[in-house]
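The exercises below are meant to be worked through with the sequence and the structure side by side. Each one sets a task and is followed by a solution in steps.

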Amino acid sequence: MHKLMIVSRQQTAYKTLLAEQPIAGLTLTQQPKEATILLADPPKVAPLLDEFPALEWIQSTFAGIDALTKASLRQDYSLTNIRGCFGQLISEYILGWAIAHQRRFNTYQSQQQANHWQPHPYTSLAGKTMVVLGTGSIGSHLARSAKALGLELIGVNRTGQSGEPAFDTIVPLTKLNQALETADFLISTLPATADTDDILNATSLSHCRQAVLFNVGRGNALCETGLLSALDSGAIAHAFLDVFKQEPLPQSHPFWRHPAITITPHIAAESFPHQVMAIFRDNAQRWLSQQPLRYAIDFQQGY
């Protein structure tokens, strides 16, 4: 019998779901020394890893697992993450803000408060070019959603290949700068790895031409001073940021009051407990029957 411990801010919800439909072969424990399996939020469990001497497997409740892949932390267990349920939410976030920006909805909201009637010119999203960094499940879902609105989709990944037909073009990261020159909208869905650290920096962003930037992947991909330079030069027209190098974003950070930056507190795609639990149940059955786990993480690659 494996002992499961839940280490999550949504612990109560997960316990309720397990009580409603127990998993044969697993029992809950509150004793770290007994736990062989963890269902855990990576940032919450990372500082506690050494408290679990019997640990064999962690099922992350997040897609992002970079808090657990640092070289200084133990890696003597199996790690899996959540995939396949964030694409819709990320697409809604990006396309919602993109439409609001393109149609100047914030301007009209401000004008309403001042009883001011003033139309402004705008253009459609159709025909615009969206460059998506990362062509996994999230990037591919976004490509399909954006394609329905008439955008041209350019995907950027390590290999320059993808099986997602919604992308009009796929280019390797070595051709990132050329892709950025075409971007009306630039989206980063990249995971946090050594290869993605500050990949969007003053040099790379200087290739943009009044692009609208979204970072919904991980905060490490964006050089913060590089973004400020790109905004000053006009290479980036506006930045919508949901992830940051330090979260919560410090009160003194210059992003807060920058007129061309919109900040949201890492809410673009929530890990809904019922979706996480569905993946965990499937993986638990696989674990108990000694079958390969879904969404396994390679600690060396970081994803």
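Arg 104 sits in the loop that joins helix H3 (87–102) to helix H4 (105–113); the model in which it is placed is a predicted one.

**Exercise 1. Describe the backbone and the exposure of Arg 104, and find another residue with a positive phi that is not a glycine.**

Step 1. The phi angle of Arg 104 is near 60°, which is a positive value in a residue other than glycine.

Step 2. The relative accessibility of Arg 104 is 35%, and because partly exposed covers the range between 20% and 50%, Arg 104 counts as partly exposed.

Step 3. Gln 210, likewise not a glycine, has a positive phi of about 60°, and its place is in the loop between helix H7 (202–205) and strand S10 (211–215).

**Exercise 2. Characterise the second largest pocket by its volume and its lining.**

Step 1. The volume of the second largest pocket is about 240 Å³.

Step 2. Both residues of the previous exercise, Arg 104 and Gln 210, belong to the lining, and the other lining residues are His 101, Gln 102, Pro 121, Tyr 122, Thr 123, Lys 128, Asp 184, Phe 185, Val 212 and Ala 237.

Step 3. Sorted by character, the lining of this pocket comprises 5 nonpolar, 4 polar and 3 charged residues.

Step 4. Asp 184, one of the lining residues, is located in the loop between helix H6 (176–180) and strand S9 (185–188), and with a relative accessibility of 28% Asp 184 counts as partly exposed.

**Exercise 3. Compare separation along the chain with separation in space for the pair Asp 184 and Val 276 and for the pair Trp 97 and Thr 262.**

Step 1. Asp 184 and Val 276 are 92 residues apart along the chain, and their C-alpha atoms are separated by 34 Å.

Step 2. Trp 97 and Thr 262 are 165 residues apart in sequence, while the distance from C-alpha to C-alpha is 9.6 Å.

Step 3. To place Trp 97 in its surroundings, note that this residue belongs to helix H3 and is partly exposed, its relative accessible area being 24%.

**Exercise 4. Determine which parts of the chain are tied together by the salt bridge of Arg 218 with Asp 66 and by that of Asp 198 with Lys 245.**

Step 1. The structure holds 9 salt bridges, and in the one between Arg 218 and Asp 66 the closest N and O atoms are 2.8 Å apart.

Step 2. Arg 218 lies in the loop between S10 and helix H8 (224–233), whereas Asp 66 lies in the loop between strand S4 (57–60) and strand S5 (78–80), so this pair ties together parts that are 152 residues apart in sequence.

Step 3. The side chains of Asp 198 and Lys 245 meet in a salt bridge with an N to O distance of 2.7 Å. Since Asp 198 is in the loop between S9 and H7 and Lys 245 is in the loop between S11 and S12, the parts tied together here are 47 residues apart in sequence.

Step 4. As for exposure, Asp 66 is partly exposed at 22% relative accessibility, Asp 198 is partly exposed at 31%, and Lys 245 is partly exposed at 45%.

**Exercise 5. Explain how Arg 286 and Asp 282 are arranged in helix H9, and name the network to which they belong.**

Step 1. Arg 286 and Asp 282 form a salt bridge in which the closest N and O atoms are 2.9 Å apart.

Step 2. Because these two residues are 4 residues apart in helix H9 (residues 273–288), about one helical turn separates Arg 286 from Asp 282.

Step 3. Arg 286 is partly exposed at 28% relative accessibility, and Asp 282 is partly exposed at 27%.

Step 4. Asp 282, Arg 286 and Arg 294 are linked in a network of salt bridges.

**Exercise 6. Locate the nonpolar surface patch that contains Leu 149, and then the cis peptide bond that precedes Pro 248.**

Step 1. Leu 149 forms the patch together with Ile 99 and Phe 105, and the three have about 240 Å² of accessible area together.

Step 2. Leu 149 is found in the loop between helix H5 (137–148) and strand S7 (152–157), where it is partly exposed with a relative accessible area of 39%.

Step 3. The peptide bond from Glu 247 to Pro 248 is cis, with omega near -5°, and Pro 248 has its place in the loop between strand S11 (236–241) and strand S12 (261–263).

Notes:
Residues are numbered from 1 along each chain as its sequence is written. This is a predicted model: local features need pLDDT of at least 70, side-chain atom pairs count only at pLDDT 80 or more; totals for chains, interfaces and linings use all residues. Side-chain values use heavy atoms; hydrogens and water are left out. Patches are made of residues with over 30% relative accessible area and no salt bridge: like charges are joined within 9 Å, nonpolar side chains (Val, Leu, Ile, Met, Phe, Trp, Tyr) within 5 Å. Accessible areas come from the Shrake-Rupley method with a 1.4 Å probe; for residues, only the protein chains shown count as cover. A salt bridge is a side-chain nitrogen of Lys or Arg within 4 Å of a carboxyl oxygen of Asp or Glu. Buried means under 20% relative accessible area, exposed over 50%, partly exposed in between (1.4 Å probe, protein chains only). On a 1 Å grid over the protein atoms alone, a cavity is a set of points where a 1.4 Å probe fits but cannot get out, and a pocket is an open set with protein on both sides within 12 Å along at least five of seven lines; lining residues have an atom within 4 Å of a point. Grid points are joined across faces, edges and corners, and a volume is the space filled by probe spheres set on the points. Ala, Val, Leu, Ile, Met, Phe, Trp, Tyr, Cys and Pro count as nonpolar, Asp, Glu, Lys and Arg as charged, and the others, Gly among them, as polar.
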